[in-house]
Amino acid sequence: MAVVWSLAFAWAARVQLPAWVPALLALVAWAVYIGDRLLDARAGLRTGQTARLRDRHHFHHRHRRVLAPLAVISACAAAWIVFSLMPPGARERNSVLAAAAVAYFSGVHSSRRLPRLVPPLLVPLLPPLLSKEFLAGLLFTAGCVLPALSRAAAGPGSTLWPLWTAAVYFAALAWLNCHAIERWESEATPPALEKRRVRSDFPEKHSSGANPPIDSAGFCVRAKALTYQSWPTAQTSFPFALLLAFAGVLLAPVLRSNQPRTAALVAAAAASALLLAPLDRLRSRLTPLALRVAADLVLLTPLALDFR
């Protein structure tokens, strides 16, 4: 996805990317993906919070002796490209993105959470803005659009606001992709875990001393009902996908008069958002793994554009 969208942004900006740029993006995205999964798996297993781990975490942990060296090799190859092929000016600009990526990893995988370091009045505003899904979408968008944006800015008489508009729209799409996947996987909680929560979170007797109503499985009926309500099954990504697709449908004609390529790119992103909506409706019929793969596949709609 990083390679496809970086080429799409370059096509929309009418600039030519050197071959090492998509290669660098692919290597960095691969290394970051493996490292993120391995760190998540390590933290979950060390703290005993295995319920938060998904199939991808268990897969990476089982094959860590193969995947970890591959991630290191990819990171080393990316570093060689940066210091051998990237111009010094671009290296300085991209150092800001690298610092942001390091801050993201430190914040997500550190035991010390950021809300403890900020004033109490700002803490309620942090969860949506500092969620892992939002930050991942923002960093992914920056990595895809900055190569094209820096080259377009160097061109004579360039107009950057259409490209910035497409970048903001794609950032919303990237967040929606991450948000939907996290929502789908959080709903696929094993029933055994829910039963254990019922047993441990509720007492065996009411305050009046009488035993609570018991179902055939031996669990408190009222307690189980409250537990099922605590899971976020009622919150879906369907309205967000439709709203984002509708915004893209309105935005593309506005850009078409002056920037037809950027309008086509926004339309492709709107198609991706629209394809996420039926996936959300079918989430109960598909496995979390199938949903995750499908959610990533629908983001490849720029392949329908002619990059020549």
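Let's start with I34, which is buried because its relative accessible area is just 0%; buried means under 20% relative accessible area, exposed means over 50%, and partly exposed lies in between, using a 1.4 Å probe and protein chains only. Before going on, note that this is a predicted model, in which local features need pLDDT of at least 70 and side-chain atom pairs count only at pLDDT 80 or more, while totals for chains, interfaces and linings use all residues. Residues are numbered from 1 along each chain as its sequence is written, and side-chain values use heavy atoms, with hydrogens and water left out.

You will find I34 in helix α2; helices here are DSSP runs of H or I with at least four residues, numbered from the N terminus. Which residues does I34 touch, not counting those up to four places away in sequence? They are H60, L67 and A71, where contact means heavy atoms within 4.5 Å. Look also at A68: I34 and A68 are 34 residues apart along the chain, yet their C-alpha atoms are separated by 7.2 Å.

Now turn to helix α4, the place of L70. Is L70 buried or partly exposed? With a relative accessible area of 36%, L70 is partly exposed. Together with W30, V66 and I73, L70 makes a nonpolar surface patch of about 380 Å², and α4 gives the most to this patch, with three residues. Such a patch joins nonpolar side chains (Val, Leu, Ile, Met, Phe, Trp, Tyr) within 5 Å, from residues with over 30% relative accessible area and no salt bridge, that is, no side-chain nitrogen of Lys or Arg within 4 Å of a carboxyl oxygen of Asp or Glu. The areas come from the Shrake-Rupley method with a 1.4 Å probe.

Next comes the interior. The largest nonpolar core has 53 residues, and W5, F9, L24, L173, W184, L265 and L276 have the most contacts inside it. Helix α8 gives the most to this core, with ten residues. A nonpolar core is a set of buried Ala, Val, Leu, Ile, Met, Phe, Trp, Tyr and Cys residues joined through side-chain atoms within 4.5 Å. Leaving aside neighbours within four places in sequence, the contacts of L173 include W5, L244 and L276.

Finally, visit helix α7, which covers residues 132-154 and holds E133. E133 counts as buried because its relative accessibility is 18%. T141 is found in α7 too, and T141 is buried, with a relative accessible area of 5%.

Technical notes. Helices (H or I, at least four residues) and strands (E, at least two) are DSSP runs, numbered from the N terminus. Patches are made of residues with over 30% relative accessible area and no salt bridge: like charges are joined within 9 Å, nonpolar side chains (Val, Leu, Ile, Met, Phe, Trp, Tyr) within 5 Å.
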